[in-house]
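The following exercises are meant to be worked through slowly, with the sequence and the model side by side. Try each task before reading its solution.

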Amino acid sequence: MDEFLTELLKTRSPTGMETEAANVIEKYVKPCADSFSRDVLGNRIAVIGSGARKLMYAGHIDEIGFQVSYIDKDGFIFFQQLGGHDNVMISGRSVWILTDKGPVPGVTGKRAVHLMDAKERKEVPETHQIWIDIGARSREEALRMVCIGDPIVYDTRLVELANNACASRAFDDKAGAYSIFEAFRRLSKQKGDLKCQLVCVGTTQEEIGTRGATTSAYAVGADVG
């Protein structure tokens, strides 16, 4: 797999905290751009060419995740969702809590199946019925490791499957973001032939309302996107 895409897929960029992904884009794209900038929402904007018309490529660089919202007396961490999750899939997953002191590993859990009756086993758990165990034995110990408000992402590695297929956390939409920026990099080698100005944007906060895409579309004012 292309090195640029591989690095992008390994970044942890929960919506609203896209810096890791943005730094990879800057590393690969800024050297070939006529200009490279960021706006107040953290969108990364690269430009080549100077034609009268503007063509805009956009792909979002954020991913779904969680945010620490509460820690109980036993040190278990509860959370709110960042973006849309399938609650069936949340329990039993390895996660990283991204703190100011570095990532803290944890595992999601819920009430054990052998403690449920037949009806409860068929129900999808609510978010407040799932927690994260980081190994802390008290609220005080947990608070020395994480803070209320810290973002969380799944700990899922990039896996190569058969027939040149791959699986990864956040393929939506880092594969899309990679595609537009790789097209930008290739076009930069023949920008003298461009009949338009090409503006390529890695957008933020898509998972909670396409916020970066909306603001950057108005800012760029492209003829075609």
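**Exercise 1.** Against which helices do the buried residues of H1 pack?

*Solution.* Before starting, note that this is a predicted model, in which local features need pLDDT of at least 70 and side-chain atom pairs count only at pLDDT 80 or more, while totals for chains, interfaces and linings use all residues. Residues are numbered from 1 along each chain as its sequence is written, and side-chain values use heavy atoms, with hydrogens and water left out.

Step one is to find the element: helices (H or I, at least four residues) and strands (E, at least two) are DSSP runs numbered from the N terminus, and helix H1 covers residues 3–10. Step two is to list its buried residues, where buried means under 20% relative accessible area, exposed over 50% and partly exposed in between, with a 1.4 Å probe and protein chains only; in H1 these are Phe-4, Leu-5, Thr-6, Leu-8 and Leu-9. Step three is to look for their partners, and the buried residues of H1 turn out to pack against H2 and H5. At the N-terminal end of H1, Asp-2 acts as a cap, with a side-chain oxygen 2.8 Å from the backbone nitrogen of Phe-4.

**Exercise 2.** Describe how H1 and H5 pack, and which residues meet.

*Solution.* Begin with the axes, which are lines fitted to C-alpha atoms, for helices over the stretch in contact, with angles from 0 to 180 degrees between N-to-C directions. The axes of H1 and H5 are 10 Å apart, and the helices pack at an angle of about 145°. Next come the residues in contact, meaning heavy atoms within 4.5 Å: Phe-4, Leu-5, Leu-8 and Leu-9 of H1 meet residues of H5 including Phe-171, Tyr-178 and Phe-181.

**Exercise 3.** At what angle do the axes of H2 and H5 cross?

*Solution.* The axes of helix H2 (residues 19–29) and helix H5 (residues 171–188) come within 11 Å and cross at roughly 20°. Angles under 35 degrees count as roughly parallel, over 145 as roughly antiparallel, 65 to 115 as roughly perpendicular and the rest as oblique, so H2 is roughly parallel to H5. On the H2 side the contact is made by Ala-21, Ile-25, Tyr-28 and Val-29, and on the H5 side by Lys-174, Phe-181, Phe-184 and Arg-185.

**Exercise 4.** Is Thr-204 buried or exposed, and which residues does Thr-204 touch?

*Solution.* First place the residue: Thr-204 sits in the loop between strand S12 (197–203) and helix H6 (211–220). Thr-204 counts as buried because its relative accessibility is 0%. Leaving out residues up to four places away in sequence, Thr-204 touches, among others, Glu-18, Asn-43, Ile-61 and Arg-211. A polar atom of the Thr-204 side chain also lies 2.8 Å from the backbone oxygen of Leu-41.

**Exercise 5.** Where does Lys-73 lie, and what does Lys-73 contact?

*Solution.* Lys-73 belongs to the loop between strand S4 (65–71) and strand S5 (77–82), and at a relative accessible area of 65% Lys-73 is exposed. Apart from neighbours within four places in sequence, Lys-73 is in contact with Arg-137, Ser-138 and Arg-139. The C-alpha atoms of Lys-73 and Ala-142 are separated by 9.4 Å, although the two residues are 69 residues apart along the chain.

**Exercise 6.** How many helices and strands does the chain have?

*Solution.* The count comes to 6 helices and 12 strands. Of the 225 residues in the chain, 41% are buried.

Key: Polar contact = N/O pair within 3.5 Å; in protein donor to acceptor, adjacent residues only side chain to side chain.
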